[in-house]
Amino acid sequence: MSKIYLVTKPVVSLDQVTIRFAGDSGDGMQLTGDRFTMDTASLGNDLSTLPNYPAEIRAPQGTILGVSSFQLHFADHHVQTPGDAPDVLVAMNPAALKANIKELARGATIIVDKDEFTTRNLSKVGYETNPLEDGSLDSYKVHAVALTSLTVAALSDLALSRKDAERSKNMFALGLLTWMYHRPTESTENFLKAKFAKKPDILAANLLAYKTGWNYGETTEDFSVSYEIAKAQMPAGKYRNISGNTAMAYGLIAASQRSGLKLFLGSYPITPASDILHELSKHKKFGVITFQAEDEIAAIGSALGASYGGALGITTTSGPGVALKSEMIGLGVMLELPLIIIDVQRGGPSTGLPTKTEQSDLLQAMFGRNGESPVAVIAPSHASDCFDIALEAARIATTYRVPVFILSDGYIANGSEPWKIPSVDSLPDLHVEFAKTQEDFMPYLRDPKTLARPWAIPGTKGIEHRIGGLEKADKTGAISYEAANHDLMVRARAAKVAGIEVPDLVVEDPTGDAEVLILGWGSTFGPISSAVETLRENGEKVAQAHIRYLNPFPKNLDAVLKKYPKVMVPEMNLGQLAMLLRSQFLKDVIPCNQVRGLPFTTAELIDSTMAVIHA
Amino acid sequence: MPDVALTKKDFTSDQEVRWCPGCGDYSILSTMQAFLPELGVPRENIVFISGIGCSSRFPYYLETFGMHSIHGRAPTIASGLAISRPDLTVFVITGDGDALSIGGNHLIHSLRRNVELKILLFNNRIYGLTKGQYSPTSEPGKITKSTPLGSLDTPFNPISLAIGAEATFVARSVDSDRKHLTEVLRAATAHKGSAFIEIFQNCPIFNDGAFDVVKDGDTKGAALLQMVHGQAIKSETHGLIHEGASLKVVELSSVSESELVIHDAHNPDPSYAFALSRLSSSELNHVPVGVFRDVERPGYGSMVNNQVSEIIAAQGAGDLNKLLTSGDTWDVQ
């Protein structure tokens, strides 16, 4: 089928494009965006995506509240972010136009479904006049396409209800954009064939709508040119597109395979972490056990129980779930057992903004427990990095017998990017030794190098012993209320975590004499890198470093902070890393904060950095 | 089986037992230590997991693997362990506050899933470790430190709760009756899925004598309705007859032996066991003891592990390289 897709109109070359698909939450915008992404990835462009959707499954139709969008930035060069302002907005209704127009630069292209611009729909979102007719969009390139009626007309020969026919309009839009940007069509066609294999009518409708959209671009005079974006230069290898949550699930499976430990996930559904549970549940042939528990506490309790039995115990959640798990994390600290806690952060406090991103659980991960309760905390910096961070969490947890927090967030969990697939042999060896049968076994005798206690699992003859949440006597692990022992054990647990080996912080400072360091952590990596790139192109001297290990910090962090007179710390919170840096290093870092539920834009980071440079 | 037959002493740890003198927990511990050798499971394959409360100190005193965890959450930890390690025999030790108040959610969900756990609930109808507040099984009107004018709470009937939670094995025994408790433990450990045992346990400090009526030689004969599968349910003075859809306690002298209900612990209909559970009230006038319900349903852990082994048998074990390179991929030269 794809062979008939031959573009005949003039073609313009671009180096990058940002497209935003926006519509009602029932319009299939996430699927449309996903498909365009897959087709773009396979074409060899570098890319980054940003899904943005309401917490309600189906908010009232046609309202601003119900607008769901998917933004994709793709280019012939390395892409750091999903893009600030879209070059192209596809708006399936007036609400989608109204919700997104303010972020569009003048001159941007707007494609709307003009059938949806009825008096009723316009008034629903507060348009007094039709923006397609009142001149308010004159500074944009507007394509008002009768998406709905064209789709319905194209499908008139199929035995479908009007409602079912209308539902295919997202495929019309996808077909049109696919024509505009010369995306290949095979993968979406194959995807549809697999998805609707058991519903031939719906399959036929989707394929026909997709093709009709493509043909509309090619044949009507409304669209005079199409665009091509050359492949990006990327290191040689096999690639796939991957979201943070999928990469995390794969990383956990890889950690299980490389350690020989059974993977046990205890989880309770919560946005935006549930996709890790869904993904792992598909892979039972790796010996993976997924346990959907009755609540967040049971989820982590079962993971800790499995870990006690010698499995790789993992729990996945988001901020409110972490709050419920706190006491069990404390037990993990006391029992000194491996445990991985994945917090896909979202807007807080309380229920907050379930589908929006934030980095405001750092202090909760660090300190959100009773007593002196140190845990390791690490954070991935982009979607595919979730794969590596999962392996790293497993290394730390099993080597040091300690709970490890992974602080992902909604942005990188749902966002996706091309990933160079690593060879399995290149992955770290995570082999673990359990305590063996022995005389006079001491469950809290520490390894002198790591300070870890033995991982002594049930089923091992001769080392039967009892552990629990009460304070332990050094070495023997017997209950101890003795003052000096408690002091010793509190310090030992702290020293163990402080002594976790982590790589030094890498600082990128091309001129070597920058006065300003931008220091980030987690998912701000893309926007910061993009801003730094532009600043350097404009002749500014800026150093950049990104913290992956938040507890313990890299050993050279103190020296790095001392070297730069001005250290700016962008965070999607009100200054949580800044607080840690100030308290640990007495460095008066410059916080740069926003909590809008969306990643930083490159533009705002450039502005903030310029203000610091010239302060 | 162990190389050499183990004895009670082999299951006794070196820890000094620290319950109050006269606590019912001593006799339960002693009964358990004496029972474990007959289980025929090596010590290293037995794990006791407890929550918080007086009863939850139990694991420290047994020479097996053990974990004294946090309040109410023992069933969660035990579930993760039992599911991932089907080779182990896992006991949960809990109390009325631990299991029915703070941990109520975990108890009912473990039972409905039928996780392979043996859950022993020591019911003393009081909070002992926190020094004497009323518990979810305290009788209405109970005067305690936190209820000086009497408790207003309606208590749980733990047996009714367990049956309502779809438990496949539900039993009741009394701390001081070593022989009866041993029989119940034997039946519970022979059961494949979750086993729930309520054990009446005296707290001599904060609720002394709560169960005297079922323990004293003068009264227990009349109060305890003995449930033995295949036999008539009766105490020394009373028996049980069908009355409509329900059950009724009557004086033995008023009916003939053939009218008495013959106990069927394997009755698939839970309403029978539920009706039995309703015979006992807070006043303990007529208290059924023994196994209320013992029916077969696949254990949760075995089903979880079967799903894994079946998919591996059908499709082969997972290949990491294949997984990573699955879906739409492309090559960059």
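Trainee: Which residue of chain B stands opposite A:Ile467?
Mentor: In this predicted model, A:Ile467 stands opposite B:Met67, which belongs to strand 2 of chain B.

Trainee: What makes strand 17 of chain A and strand 2 of chain B a pair?
Mentor: Two strands count as paired if at least two bridges are found between them. Strand 17 (residues 466-468) of chain A and strand 2 of chain B have three bridges, so the cut-off of at least two is met and the word is justified. They run in the parallel sense. Strands of a sheet pair through backbone hydrogen bonds, and this can happen in a parallel or an antiparallel way.

Trainee: How many residues does each chain bring to the contact between chain A and chain B?
Mentor: Chain B brings 50 residues and chain A brings 56 residues, where a contact requires C-beta atoms within 7 Å.

Trainee: Which element of chain B gives the most to the side that touches chain A?
Mentor: That is helix 2 of chain B, with eight residues. By class, this side of chain B has 22 nonpolar, 20 polar and eight charged residues.

Trainee: Why are strand 16 of chain A and strand 11 of chain B said to stand at the edges of their sheet?
Mentor: The sheet is open and has three strands in the order 16(A)-9(A)-11(B), with antiparallel pairing. Strand 16 (416-420) of chain A and strand 11 of chain B each have a single partner strand, so one side of each is left without a neighbour in the sheet. Neighbouring strands here are turned by 35° against each other on average, with direction ignored.

Trainee: How do you know that strand 9 and strand 16 of chain A are paired?
Mentor: Strand 9 (residues 237-243) of chain A is joined to strand 16 of chain A by five bridges, and because at least two are required, the two strands qualify as a pair. They run antiparallel, and A:Tyr239 stands opposite A:Lys420 in strand 16 of chain A. Helix 1 (residues 29-42) of chain A packs on this sheet and touches strand 9 and strand 16 of chain A together with strand 11 of chain B, while its direction makes about 165° with that of strand 9 of chain A.

Trainee: What is the order of the open sheet of seven strands in chain A?
Mentor: The order is 11-10-12-13-15-14-21, and the pairing is mixed. Strand 11 (289-292) and strand 21 (549-551) of chain A each have a single partner strand, so they stand at the edges with one side lacking a neighbour in the sheet. On average, neighbouring strands of this sheet are turned by 20° against each other, direction ignored.

Trainee: What makes strand 13 and strand 15 of chain A a pair?
Mentor: Seven bridges join strand 13 (residues 339-345) of chain A to strand 15 of chain A, and the requirement is at least two, so they count as paired. These strands run parallel, and A:Gln345 stands opposite A:Asp409 in strand 15 of chain A. Helix 9 of chain A packs on the sheet, touching strand 10 (263-267), strand 12 (312-317), strand 13 and strand 15 of chain A, and its direction makes about 170° with that of strand 12 of chain A.

Trainee: Where else does helix 9 of chain A lie?
Mentor: Helix 9 (residues 244-259) of chain A also lies across strand 9 and strand 16 of chain A, at about 115° to strand 9 of chain A.

Trainee: Why is chain A called as compact as a globular protein of its length?
Mentor: Chain A has 20 helices and 23 strands. Its radius of gyration is 27 Å, and the globule rule gives 25 Å for 615 residues; the two values are close, so the description is fair.

Trainee: What radius of gyration does chain B have, and what would a compact globule have?
Mentor: Chain B has 22 Å, and a compact globule with 333 residues would have a value near 20 Å, which agrees.

Trainee: What makes a residue count as buried, and how many percent of chain A are in that class?
Mentor: A residue is buried if 20 or more other C-beta atoms lie within 10 Å of its own. By that cut-off, 54% of the 615 residues of chain A are buried, and in chain B buried residues make up 47% of 333.

Definitions and conventions
Residues numbered from 1 in each chain as written. Chains lettered and ligands numbered in written order. Predicted model: local features only at pLDDT ≥ 70, side-chain atom pairs only at ≥ 80, totals over all residues. Contact = placed C-beta atoms within 7 Å. Helix = DSSP H or I, 4+ residues; strand = E, 2+ residues; numbered from the N terminus. Nonpolar A, V, L, I, M, F, W, Y, C, P; charged D, E, K, R; others polar. Axes fitted to C-alpha atoms, helices over the stretch in contact; angles between N-to-C directions. Rg over C-alpha atoms; globule rule 2.2 N^0.38 Å. Buried ≥ 20, exposed ≤ 12 C-beta atoms within 10 Å, placed from the backbone.
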